[in-house]
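Biologist: Please take a close look at a single part of this chain for me. I would like the cysteine link first, then the strands around that topic.

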Amino acid sequence: MKTKIPVAIQPIMMLLQAVTRKVSWQLFTLYLLGLPAAESRAEIVLHRAVEPARIGLDISISGKSLTLYIALDEESLSVLKKKMDLELLYSQLQRMQYFAKPPVAAHCQVVGLHVNREDDQISGFQTFSCKNPGQLKYIDVKLYQALPDLKAVDVWLTTENWQYKTVVYPNQRQVAIKAGILR
């Protein structure tokens, strides 16, 4: 009675037959024993794509208050620092008049602006008081003016009735606010 060899093992059997004709069993055994040792010495190297420089922008609208919160993490800072000194980058954000600017029709006034630097992270907030919050049809992101090497702004917009997440790029800098959400 013949035993049928599974298809997956057939190539291995053919290799063994070819090897036995050309190499002695002792050499082949040494080769097989050496494989695990060689593999254990092999160093595993993982390559990861570098994320482009991004900044987080949280926009919160509640009543007549508009608050912008920015967060620039260590990974994005490492990319930006290659082109701009960290102190210069930090001072650029501190000197900004607006992280993002609401439309003129909303009659918003800046009531607070603060930028923090902790190790390799920069964060900050800007608060507005708006006379006509119902006129907040969009927010114009101004962060690209201070950080020209920035590639994207990850925006999270929240109101009392609505949440919206989007990404703003240098060629399209406005965050649209859905009609009817604000009163």
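Modeller: The link of Cys108 and Cys130 is right-handed, with 105 degrees about the S-S bond. Cys108 sits in strand β4, residues 108–118. Cys130 sits in strand β5, residues 121–130. The two cysteines are 22 residues apart, so the pair links distant parts of the chain. This is a predicted model, and the geometry should be read as such. The sulfur atoms of Cys108 and Cys130 lie 2.1 Å apart. That is within the 2.5 Å cut-off, and therefore the pair counts as a disulfide. A disulfide is a covalent bond between the sulfur atoms of two cysteines. The count for this model is 1 disulfide. Cys108 is buried, and Cys130 is buried too.

Now follow β5 to its partner. Strand β5 pairs with β2 in the antiparallel sense. That pairing runs over 8 bridges. One position to look at is Ala71, which stands opposite Ser123 in β5.

Next, β2 itself, residues 65–72. In a regular strand the side chains alternate between the two faces of the sheet. In β2, one face is covered: Leu66, Leu68, Ile70 and Leu72. The other face is uncovered: Ser65, Thr67, Tyr69 and Ala71. Ala71, the residue opposite Ser123, therefore belongs to the uncovered face of β2.

Strand β2 also pairs with β1, residues 54–62. These two strands run antiparallel, joined by 7 bridges. Asp58 stands opposite Tyr69 in β2. Tyr69 is on the uncovered face as well. The hairpin of β1 and β2 has 2 residues between the strands. In that hairpin, Gly63 takes a positive phi near 60 degrees.

Step back to the whole chain. The chain has 5 helices and 9 strands. From the N terminus on, the order is α-α-β-β-α-α-β-β-β-β-α-β-β-β. Residues 24 or more positions apart account for 61% of the contacts with a separation of 6 or more. Of the 183 residues, 33% count as buried, and both disulfide cysteines, Cys108 and Cys130, are buried. The chain exposes about 12400 Å². Carbon and sulfur atoms supply 55% of that area.

Definitions and conventions:
Residues are numbered from 1 along each chain as its sequence is written. This is a predicted model: local features need pLDDT of at least 70, side-chain atom pairs count only at pLDDT 80 or more; totals for chains, interfaces and linings use all residues. Side-chain values use heavy atoms; hydrogens and water are left out. Helices (H or I, at least four residues) and strands (E, at least two) are DSSP runs, numbered from the N terminus. Buried means under 20% relative accessible area, exposed over 50%, partly exposed in between (1.4 Å probe, protein chains only). Contact means heavy atoms within 4.5 Å. Accessible areas come from the Shrake-Rupley method with a 1.4 Å probe; for residues, only the protein chains shown count as cover. Two strands pair if DSSP finds at least two bridges between them.
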